Amino acid sequence: MTGPSERTDADIVPIGELSEPLETTDGRVPGERGRQTRQRLLSAIVELLSTTSWRSVKVTDIARRARTSPATFYQYFANVEEAIRVLAEGMVDQADRLSELVGGDWSPEASWATAVTVTEGFLSYWEDNRAVFRVVDLATEEGDAQLRGVRVRALNAVTIALAQVISQASPSRSGPPGTGTASPAGADPMAVAGTLVAMFASVAAHRYGFEFWGIRTRNLIDTQARLLHWAVTGRPGPADSGVDPAPRPRTGPVLGGGVAGHRGTPPPI
């Protein structure tokens with residue numbers, strides 16, 4: 001089983017370079033050098049958001065990390081909030097690529113590999129955007145309708161794609177007239193898909209908390225892939241998929257785990 005970090009540069013989409021029209025604040029279209037500068041600014045924001053509250057990120061900090069000036073920043077963005085919205089919109093475009101993975105081959109011969117690919121793809125998608133997702137989630141809790149809409153659009157694209165796959169690939173089951181096929185996880189494909197996507201998002205967001213308690217990422221991927229595979233096909237995953245056994249419940253960090261070197265209060269799960 002491959003991990004979410006085992007990707008090539010071709011798999012990584014440049015931050016904020018996807019859907020929005022690329023122009024400066026005064027309406028000019030930047031050349032290649034300007035595009036590179038803009039990309040450095042966006043990358044600098046992501047780096048800062050990984051360690052700093054988004055409300056504490058200043059234009060001067062961004063410019064310094066991007067090796068440019070505040071005046072240059074204002075050539076591309078009106079303020080920090082606008083730059084964060086650009087990053088958030090980039091997540092929507094990346095979600096479209098994730099939807100393509102969901103629409104893969106769910107035939108009996110290939111369905112398990114597809115389930116693993118989708119699960120790893122979602123975790124990679126979240127890792128690529130972890131810092132921005134954290135800001136979006138916080139802003140959503142505070143009532144920011146625009147960023148809440150971005151989050152909904154990002155996850156809704158994957159949910160709809162998965163619901164379509166469930167409708168087409170699930171085994172026939174008896175039910176009320178007009179229900180057609182149904183997943184073993186439920187008769188409403190959108191409800192099943194929404195539940196699975198919520199699971200993916202929650203596990204990805206709390207990945208390092210799980211690792212602190214000794215639950216390895218490859219085991220999380222295996223478990224989620226099994227749930228996805230069963231919900232789509234009605235069939236169990238393979239008996240042996242190469243994950244680490246866990247013979248008894250664990251109530252604390254495991255020595256030698258992925259983050260055994262951490263000290264202090266454990267992160268929440």
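This passage walks through helix packing and a few local details in a predicted model.

Helix α4 is a handy place to start. It covers residues 80-102, and its length can be checked with simple arithmetic. With 23 residues at 1.5 Å a residue, α4 should span 33 Å, and the C-alpha atoms at its ends sit 34 Å apart, so expectation and model agree. Just where α4 begins, asparagine 79 lends a hand: one of its side-chain oxygens comes within 3.2 Å of the backbone nitrogen of glutamate 81.

Helix α4 also packs against α1 (residues 32-49), with the two axes 11 Å apart and an angle of about 90° between them. The pair is therefore roughly perpendicular. On the α1 side, the contact is made by Arg38, Leu42, Ile45, Val46 and Leu49, which meet Ala83, Ile84, Val86 and Leu87 of α4. Sorted by class, that contact holds 8 nonpolar residues, no polar ones and 1 charged.

Turning to α10 (residues 217-233), its axis and that of α7 (residues 145-169) come within 7 Å and cross at roughly 50°. That angle makes α7 oblique to α10, because it falls in neither the parallel, the antiparallel nor the perpendicular range. Here Leu162, Val165, Ile166 and Ala169 from α7 touch Leu228, Ala231, Val232 and Thr233 from α10. The tally for this contact is 7 nonpolar residues, 1 polar and no charged.

Helix α10 has another partner in α8 (residues 189-205): these axes come within 11 Å and cross at roughly 175°. An angle over 145 degrees counts as roughly antiparallel, so that is how α8 runs relative to α10. From α8, the residues involved are Val192, Leu196, Met199, Phe200 and Val203, and they meet Leu220, Gln224, Leu227, Leu228 and Ala231 in α10. This contact comes out as 9 nonpolar residues, 1 polar and no charged. Leu228 and Ala231 of α10 turn up in the contact with α7 and again in the contact with α8.

Aromatic rings are the last stop. Searching the whole structure turns up 8 aromatic pairs. One of them joins phenylalanine 122 and tyrosine 125 in an edge-to-face arrangement, with 6.0 Å from centre to centre and 75° between the planes. Both residues belong to helix α5 (residues 111-128), where they are 3 residues apart, about one turn of the helix. An α-helix has 3.6 residues a turn, so residues three or four places apart point the same way.

Note on methods:
Residues are numbered from 1 along each chain as its sequence is written. This is a predicted model: local features need pLDDT of at least 70, side-chain atom pairs count only at pLDDT 80 or more; totals for chains, interfaces and linings use all residues. Side-chain values use heavy atoms; hydrogens and water are left out. Helices (H or I, at least four residues) and strands (E, at least two) are DSSP runs, numbered from the N terminus. The expected span of a helix is 1.5 Å times one less than its number of residues. A polar contact is a pair of N or O atoms within 3.5 Å; within protein, one must be able to donate a hydrogen and the other to accept it, and residues adjacent in sequence count only if both atoms are side-chain atoms. Axes are lines fitted to C-alpha atoms, for helices over the stretch in contact, and angles run from 0 to 180 degrees between N-to-C directions. Angles under 35 degrees count as roughly parallel, over 145 as roughly antiparallel, 65 to 115 as roughly perpendicular and the rest as oblique. Contact means heavy atoms within 4.5 Å. Ala, Val, Leu, Ile, Met, Phe, Trp, Tyr, Cys and Pro count as nonpolar, Asp, Glu, Lys and Arg as charged, and the others, Gly among them, as polar. Rings of Phe, Tyr and Trp (its six-membered ring) pair if their centres lie within 6.5 Å; planes under 30 degrees apart count as stacked, over 60 as edge-to-face and the rest as tilted.
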